[in-house]
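Colleague: Could you take me through one part of this model in some detail? I'd like to look at it alongside you.

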Amino acid sequence: MNQAHLRGVAQVLARAGYLCLRFTCKGLNINYRIRAYTAVVDFLRKDSCFALQGCIVGGRSMGARAAAGAALADTSGFVRGVMCLSYPLHPPGEPDKLRTDVFSLPLPTLFVSGTRDPMCPAGTFRKHTESMGARAEDRLATL
């Protein structure tokens, strides 16, 4: 959460007038993290202080998986898009165990990955995002 690029994204969004709520999950269990993201989304949706009409959820690495899981679970339509930074396409050292549920998101989704990310090979990743059509955009950052 305190990495320079994550702080930078939050600062750019805040300067543009967007509410940017940042939080961290200490647990490594993906289901726990999805529940945490879902609780945050529900809070934002229900709290009258914000009066928001929707939100974009996002995260880095396992946080991106949790954000996508929360977006897939949202039946209210409040989640309007997803931002996945360094989405781990497969577990470390297990390239045959692809995590492809994110590619069924019916929402606009931005994927940003590094060219040397071992859990998100550029060629493999792009093959899957193509199946999402106009809903997905992927960007590679040369590191």
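In which helix do arginine 45 and aspartate 42 lie, and how many residues apart are they?

Modeller: Sure, and keep in mind that this is a predicted model. Both arginine 45 and aspartate 42 lie in helix H2, three residues apart, which is about one turn of the helix. An α-helix has 3.6 residues a turn, so residues three or four places apart point the same way. In this case the two side chains meet in a salt bridge, at 3.2 Å from N to O. Side chains of opposite charge can pair when their charged atoms come close. The structure holds three salt bridges.

Now for what surrounds that helix. H2 covers residues 30-46, and leucine 19 lies in the loop between H1 and H2. Leu19 helps make a nonpolar surface patch of about 280 Å², together with Phe43 and Phe50. Going back along the chain, glycine 17 takes a positive phi of about 95° just after H1. H1 itself spans residues 4-15 and reaches 16 Å from its first C-alpha to its last, close to the 16 Å expected.

Then there's the partner helix, H3, at residues 62-73. H2 and H3 pack at an angle of about 60°, with their axes 8 Å apart. The two are therefore oblique to each other, and H2 passes H3 in a right-handed crossing.

Notes: Residues are numbered from 1 along each chain as its sequence is written. This is a predicted model: local features need pLDDT of at least 70, side-chain atom pairs count only at pLDDT 80 or more; totals for chains, interfaces and linings use all residues. Side-chain values use heavy atoms; hydrogens and water are left out. Helices (H or I, at least four residues) and strands (E, at least two) are DSSP runs, numbered from the N terminus. The expected span of a helix is 1.5 Å times one less than its number of residues. Patches are made of residues with over 30% relative accessible area and no salt bridge: like charges are joined within 9 Å, nonpolar side chains (Val, Leu, Ile, Met, Phe, Trp, Tyr) within 5 Å. Accessible areas come from the Shrake-Rupley method with a 1.4 Å probe; for residues, only the protein chains shown count as cover. A salt bridge is a side-chain nitrogen of Lys or Arg within 4 Å of a carboxyl oxygen of Asp or Glu. Axes are lines fitted to C-alpha atoms, for helices over the stretch in contact, and angles run from 0 to 180 degrees between N-to-C directions. Angles under 35 degrees count as roughly parallel, over 145 as roughly antiparallel, 65 to 115 as roughly perpendicular and the rest as oblique. A crossing is left-handed if the near helix is turned anticlockwise from the far one by less than a right angle, and right-handed if clockwise.
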